[in-house]
Amino acid sequence: MSINMVKIGVVSCSGEDCLGGTISRLATRKMLDEVRPNATVTICLPLFLAGGVEERGFAEQFPTISVDGCSKACAKRATEKYSGKVSAAIDVSDLIGKEVAEAGALSTRNLTDEHKAMVEKLASEITTKFDEVLRVAQRDQVAKGLAMVGGRSSGGCGCGCGPK
Amino acid sequence: MSETIKVIPCSGMGKVYGLVARESALKVVQELCPKESSTVCLAYIVTGDPEAKELIEGEKCITLDGCPAMCAAKNAELAGGIVAEKIRVVDSFRKHKGVKPGTATELTEEGWLIADEIAGEIAEKVKLLSREG
């Protein structure tokens with residue numbers, strides 16, 4: 001019987017034009033580094049266009065959660081346009097407010113406690129969705145064989161460049 | 001056509017080089033050349049929306065990429081941007097062998113020094129391109 005590790009893709013917009021982009025990036029990194037390191041993978045959004053067939057297969061290979069910094073929902077729309085339907089979508093502006101999310105871009109050099117609290121709040125929301133998506137994915141795996149969550153490897157980038 | 005040079009980083013998620021690209025670009029557009037440069041959200045460009053394309057089509061761009069996939073340069077070109085300079089962050093690291101720059105989440109002091117160095121080089125290029133008109 002085969003053992004399949006269930007991993008969930010978290011794709012952030014990492015937008016450079018607004019605060020929400022920085023928050024989306026940091027919360028996604030938190031999933032990879034701390035919250036669900038063994039079960040999270042990610043991919044650089046622009047790689048859907050700059051990469052090849054393998055990259056565009058990301059959302060088919062992994063149930064995917066998009067994390068967008070503003071209501072343009074670029075991560076969700078680009079993932080669905082080039083790769084596949086997302087399993088869940090999060091818009092940072094729903095959590096911290098549109099005006100705050102669309103304020104000027106933030107360097108991590110200037111992170112305040114308030115920004116860190118936003119990252120925590122978003123990571124918590126991602127985790128809730130993550131666990132829901134994971135349960136569904138595990139059910140699907142169980143139907144096919146035996147599912148196992150996580151493993152030795154740490155969370156990494158779906159482009160194959162390896163962790164950090 | 002706008003009067004600012006577009007500085008576009010890949011903001012790669014997987015390695016520290018992506019974060020260095022992002023931070024260097026933000027330093028240029030926010031601190032070093034706020035009048036001569038601006039950035040465009042790369043994720044928006046990737047959507048292929050006509051409004052996003054309008055932001056970059058025919059504009060002079062400097063792209064910063066953290067890995068050989070060159071996502072920022074390729075996406076800027078696909079959207080019709082005129083990529084005047086393609087910066088490869090990894091090239092700058094060759095001058096700093098053995099440094100520990102941090103991770104894709106957080107830069108160390110050494111990482112910040114390299115990001116600032118790259119930002120300084122880009123600022124020079126922005127000024128040059130601005131003078132060329």
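Modeller: A residue is called buried if 20 or more other C-beta atoms lie within 10 Å of its own, exposed if 12 or fewer, and partly exposed in between, with C-beta atoms placed from the backbone. This is a predicted model, in which local features need pLDDT of at least 70 and side-chain atom pairs count only at pLDDT 80 or more, whereas totals for chains, interfaces and linings use all residues. Residues are numbered from 1 along each chain as its sequence is written, while chains are lettered from A and ligands numbered from 1 in the order in which they are written.

Colleague: Which element of chain B helps to cover the buried residues of helix 5 of chain A?

Modeller: The buried residues of helix 5 (helices being DSSP runs of H or I, at least four residues, and strands runs of E, at least two, numbered from the N terminus) are Cys74(A), Ala75(A), Lys76(A), Arg77(A), Ala78(A) and Thr79(A). Their cover from chain A includes strand 2, helix 2, helix 4, strand 4 and strand 5, and from chain B it includes helix 2 (42-47).

Colleague: Which element gives the most to the side of chain A that touches chain B?

Modeller: The contact (C-beta atoms, placed from the backbone, within 7 Å) takes 33 residues from chain A and 32 residues from chain B. Elements giving two or more residues to the chain A side are helix 1 (19-35), helix 2 (47-50), helix 5 (74-82) and strand 7 (156-157). With five residues, the element that gives the most is helix 1 of chain A.

Colleague: What is the handedness of the crossover between strand 3 and strand 4 of chain B?

Modeller: Strand 3 (residues 60-65) and strand 4 (residues 82-88) run parallel and are joined by six bridges, two being the least that DSSP must find for strands to pair. Within this pairing, Cys61(B) has Val83(B) as its bridge partner. The chain passes from strand 3 through helix 4 (residues 71-78) to strand 4, and this β-α-β crossover (clockwise over the helix, with the strands pointing away from the viewer) is right-handed.

Colleague: What percentage of the residues in chain B is buried?

Modeller: Chain B has six helices and four strands, which follow one another from the N terminus as β-α-β-α-α-β-α-β-α-α. Its C-alpha atoms fill a box of roughly 40 × 30 × 20 Å along the principal axes. Of its 133 residues, the buried share is 53%.

Colleague: Why does Asp116(B) count as partly exposed?

Modeller: Asp116(B) lies in helix 6 (residues 109-132) of chain B, and its C-alpha is 6.1 Å from that of Ser24(B), although the two are 92 residues apart in sequence. Asp116(B) counts as partly exposed because its C-beta neighbours inside 10 Å number 17.
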